[in-house]
Amino acid sequence: MHMQEDLKNTQVKNFFDQPHDQLRDYLKAKGHKAFRADQLYSWVYKKREESVESMTDLSKDFRAEIDSILEFKRPEVVEFRQSVDGTQKYLFDVGEGKTVETVMIPLKERRTLCVSSEVGCNLGCKFCFTGKYKLKKRLSAGEIVGQFLEVNDRLIKAGDKGVTNVVFMGMGEPLDNPEGVFGAIEILQKDKGLQFSRKRVTVSTSGLVDLIPLVTKSGARLAVSLNGSNDEVRSSIMPINKKYPISVLMDACKKHIEESGQDVTFEYVMLKGVTDDMTHARELAKLLKGVNGMVNLIPFNEHPGSGFYKPDNKRVDEFQKYLLGKGIKTYKRTTRGDDIYAACGQLNGVVKGNQPKN
Ligand code: SF4
């Protein structure tokens with residue numbers, strides 16, 4: 001359907017929105033040779049050159065016409081902040097006065113980029129800062145790939161190794177925007193694109209069960225925002241659970257594990273007095289028994305007006321110890337970047353305070 005729309009559409013397309021095959025078909029429909037797509041991909045994604053004048057092997061005719069069919073437009077950084085722990089937070093302008101946040105978390109050899117997929121989110125998880133704002137925009141593939149390119153370029157320019165992992169855990173529910181998210185994943189992963197390793201891309205979902213097979217097909221890793229060990233608790237903090245209860249979600253996860261051969265990460269936000277009871281730890285252990293996966297315990301990062309609180313450190317340790325004792329790989333996520341509000345569940349598209357540093 002999209003291809004047909006493309007062929008009819010006479011507007012200038014954004015290069016960064018086009019997975020390789022889509023670009024090839026578009027150029028062909030405009031009367032150009034299919035290999036022009038290879039040439040453009042190679043210049044932009046391998047040689048990192050976005051100025052058409054510098055693309056020396058393009059024919060004069062093609063170069064002369066390119067402006068009328070393609071533009072090279074990436075979202076711009078409008079604010080940048082760096083935490084004392086090295087975490088970087090970027091605010092990107094995605095048009096119409098809307099912004100999204102992207103966070104880069106350095107940890108030993110890793111440079112993990114947490115990208116946003118939507119402005120606002122309709123899933124309305126009660127503990128989430130982003131979820132307070134209804135969906136305003138689904139990002140295009142180019143607006144997601146642009147977050148990667150900008151941060152990666154900056155890291156490399158600063159003498160760093162560049163982004164090593166991409167996680168779709170920023171603003172928005174990735175599976176509520178399959179076109180943008182899987183288009184971006186294709187550009188990131190394809191040989192003709194950025195050649196980013198499949199296993200280094202993770203898609204996190206609050207549980208849009210019907211679309212989990214798209215993650216399996218893409219080769220990306222799956223993370224599930226579980227956050228509740230029984231339907232009553234989970235439904236009270238995540239409305240999506242009323243549509244897809246835990247048993248349905250777990251079946252989809254098991255199917256993904258079987259078909260992809262990869263483990264699933266279960267994110268578990270610990271909310272004081274809501275999800276941090278030891279009965280929850282016991283329920284969680286039962287739920288995950290025999291499932292190839294690991295648990296990420298995320299002590300809640302308090303933010304003004306949320307109505308939820310951070311659990312006691314002692315309880316987090318106890319919870320982890322119990323799950324480990326049951327043979328479940330369990331990690332505690334250390335809060336990074338909370339001095340700049342870049343921690344999990346704290347992204348809302350507003351950078352408070354400082355002006356951009358670069
Ligand atoms: S946790 Fe994720 S899915 Fe839930 S409201 Fe926030 S951004 Fe949306």
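## Leucine 113, the core and the two domains

Let's start with leucine 113, a residue of strand β6 (residues 110-114); strands are DSSP runs of E with at least two residues and helices are runs of H or I with at least four, numbered from the N terminus. Bear in mind that this is a predicted model, where local features need pLDDT of at least 70, side-chain atom pairs count only at pLDDT 80 or more, and totals for chains, interfaces and linings use all residues. Residue numbers run from 1 along each chain as its sequence is written.

Leucine 113 counts as buried because 24 other C-beta atoms lie within 10 Å. The cut-offs are 20 or more other C-beta atoms within 10 Å of a residue's own for buried, 12 or fewer for exposed, and partly exposed in between, with C-beta atoms placed from the backbone. Its contacts, leaving aside neighbours within four places in sequence, are Thr102, Met104, Phe148, Val151, Val163, Asn165 and Val166; a contact means C-beta atoms, placed from the backbone, within 7 Å. Threonine 164 is 51 residues away from leucine 113 along the chain, yet their C-alpha atoms are 7.9 Å apart.

Phe148 and Val166 turn up again in the largest nonpolar core, which has 86 residues: together with Val145 and Leu188 they touch the most other members. A core here is a set of buried Ala, Val, Leu, Ile, Met, Phe, Trp, Tyr and Cys residues joined through C-beta atoms within 7 Å. With the same sequence neighbours left out, leucine 188 is in contact with Val145, Phe148 and Val166, and also with Gly193, Leu194, Phe196 and Val201.

Now the domains. The assignment, automatic or from a database, splits the chain into domain 1 (2-71) and domain 2 (76-340). Their centres, taken over C-alpha atoms, are 33 Å apart. Where they meet, nine residues of domain 1 are in contact with 13 residues of domain 2. Helix α3 (residues 35-46) gives the most to the domain 1 side, with three residues. That side has four nonpolar, two polar and three charged residues, where Ala, Val, Leu, Ile, Met, Phe, Trp, Tyr, Cys and Pro count as nonpolar, Asp, Glu, Lys and Arg as charged, and the others, Gly among them, as polar.

Next come two hairpins that share strand β4. Strands pair if DSSP finds at least two bridges between them.

| Antiparallel pair | Bridges | Turn glycine and phi |
|---|---|---|
| β3 (residues 76-82) and β4 (residues 88-93) | six | glycine 86, near 95 degrees |
| β4 and β5 (residues 99-107) | six | glycine 95, about 90 degrees |

In the pairing of β3 with β4, glutamate 79 has leucine 91 as its bridge partner. On the β5 side, glutamine 88 stands opposite methionine 104.

Glycine isn't alone in taking a positive phi. Glutamate 96 has one near 50 degrees and sits in the loop between β4 and β5. This residue is exposed, because only 8 other C-beta atoms lie within 10 Å. Glutamine 195 has a positive phi near 55 degrees, in the loop between α6 (178-189) and β10 (201-205). Glutamine 195 is exposed too, with 11 other C-beta atoms within 10 Å.

Finally, the ligand. The residues around it are Cys121, Leu123, Gly124, Cys125, Cys128, Thr130, Gly131, Gly172, Glu173, Ser206 and Ser225, each with its C-beta atom, placed from the backbone, within 6 Å. This shell divides into four nonpolar, six polar and one charged.

Conventions: Contact = placed C-beta atoms within 7 Å.
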